[in-house]
Amino acid sequence: MTLEQFKFIFYMEWGHRMWGRLTGLVFLLPAAYFWKKGYFNSGMKKRVGIFSILLGFQGFLGWYMVKSGLNEPEKQTEVPRVSQYRLAAHLGSAFLLYVGFLWSSLTHLLPNQNLAPMNAKQLRSITMRSHNLLALIFTTALAGAFVAGLDAGLVYNSFPKFADRWIPTDLWAIEPKWKNFFENPTMVQFQHRMLGMGTLAAIGLYAFSMRRVNISPRARLALNTLVGMSFVQVGLGIATLLYYVPTHLGALHQSGSLALLSFGIWLATELKRIPKI
């Protein structure tokens, strides 16, 4: 590694740390003021407490992740790497914190609408399926963290096949077998691809099943936006793969996963507002 390459990594890391600390201050200082003034009800106090704990935990996970990059690697690589397990934990914690912030914000900021009531059983079904989509999107994003941590995006740079095969031959190259899901770059890329395409199919099927369900115009907009973003996200993933993971495309793909999750949260929030009979 040259000195200029080290400087780039250093300043990226420094900027990320400062941004994280600023995020904490922007949340904690107003929260402390509003709490002292008595602006929070009991429910909001619980949420603010949970968010504060998650903020601190996120900072700890960031330190713990970076610390793994200071350990002597088992094999020499050109680029220093952090533990893919800790990277996934750090990303997952950040996504959970973001989901909490967004859900709480939408609950308070979205104006109420005059909505027609829906049968309780039907409403429960479409709401639970929207939550399942959120879980699938979140899991796919976590799988992407393992791809990044292992440089698995550079193993097979073809689509839809893996080189000339539909299923790679080295999926189970590591013993014990369970480690392949987390430490074998081929398996990690394979499962991220399958999860991505599965998420796209699940969102499409959900939207198709909702075409005659009477939901609010805002919920319909959220659903259509979710469908559109799912295609964009898969397109970004394929482009990132085919162009050998350039930084700008990788960053766009990661941002796309957060946008997709955001639209899913918006949809779930809108469905929660529908009265049941």
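**An all-helix chain, element by element**

The chain holds 8 helices and 0 strands. Read from the N terminus, then, the elements simply go α-α-α-α-α-α-α-α. Keep in mind that this is a predicted model. Taken along the principal axes, the C-alpha atoms fill a box of roughly 60 × 50 × 35 Å. The chain has 277 residues, and 37% of them count as buried. As for who touches whom, 76% of the contacts with a separation of 6 or more are made by residues 24 or more positions apart.

Now for a pair of helices. Two packed helices are described by the angle between their axes and the distance between the axes. For H4, which covers residues 120-150, and H6, which covers residues 185-209, the axes come within 9 Å and cross at roughly 160°. Because angles over 145 degrees count as roughly antiparallel, H4 is roughly antiparallel to H6. The crossing of these two helices, H4 and H6, is left-handed.

The loop between H4 and H5 (180-183) deserves a slower look. Pro160 sits in this loop, and the peptide bond leading into Pro160 from Phe159 is cis, with omega near 5°. Pro176 is found in the loop between H4 and H5 too. Here the bond from Glu175 to Pro176 is cis, with omega near -5°. Ala163 also has its place in this loop. Its backbone has a twist of its own: phi of Ala163 is near 60°, a positive value in a residue other than glycine. With a relative accessibility of 48%, Ala163 counts as partly exposed, because that class lies between the 20% limit for buried and the 50% limit for exposed.

Further along comes H7, residues 217-242. This helix has 26 residues and spans 38 Å from its first C-alpha to its last, close to the 38 Å expected at 1.5 Å a residue. H7 is followed by Tyr244, with its positive phi near 60°. Tyr244 is not a glycine, yet has that positive phi. Tyr244 belongs to the loop between H7 and H8. Its relative accessibility is 54%, so Tyr244 counts as exposed.

After that loop, H8 takes in residues 247-272, and Ser257 is part of this helix. Ser257 has a relative accessible area of 10%, which is under 20% and therefore makes it buried. What does the side chain of Ser257 reach at 2.5 Å? The partner is the backbone oxygen of Gln254. Gln254 comes three places before Ser257, judging by their residue numbers. In an α-helix there are 3.6 residues a turn, so residues three or four places apart point the same way. Leaving aside residues up to four places away in sequence, Ser257 touches Phe95, Ile137, Ala141 and Gln233.

One last stop is H3, residues 84-109, where Gly100 is found. Gly100 has a relative accessible area of 16%, so this glycine is buried as well. How many Å separate the C-alpha atoms of Gly100 and Leu150? The two residues are 50 residues apart along the chain, and the separation of their C-alpha atoms is 29 Å.

Note on methods:
Residues numbered from 1 in each chain as written. Predicted model: local features only at pLDDT ≥ 70, side-chain atom pairs only at ≥ 80, totals over all residues. Heavy atoms only, no water. Helix = DSSP H or I, 4+ residues; strand = E, 2+ residues; numbered from the N terminus. Buried < 20%, exposed > 50% of the residue type's maximum accessible area, 1.4 Å probe, protein only. Polar contact = N/O pair within 3.5 Å; in protein donor to acceptor, adjacent residues only side chain to side chain. Contact = heavy atoms within 4.5 Å. Expected span 1.5 Å × (residues − 1). Axes fitted to C-alpha atoms, helices over the stretch in contact; angles between N-to-C directions. Parallel < 35°, antiparallel > 145°, perpendicular 65-115°, else oblique. Left-handed = near helix turned anticlockwise from the far one by under 90°.
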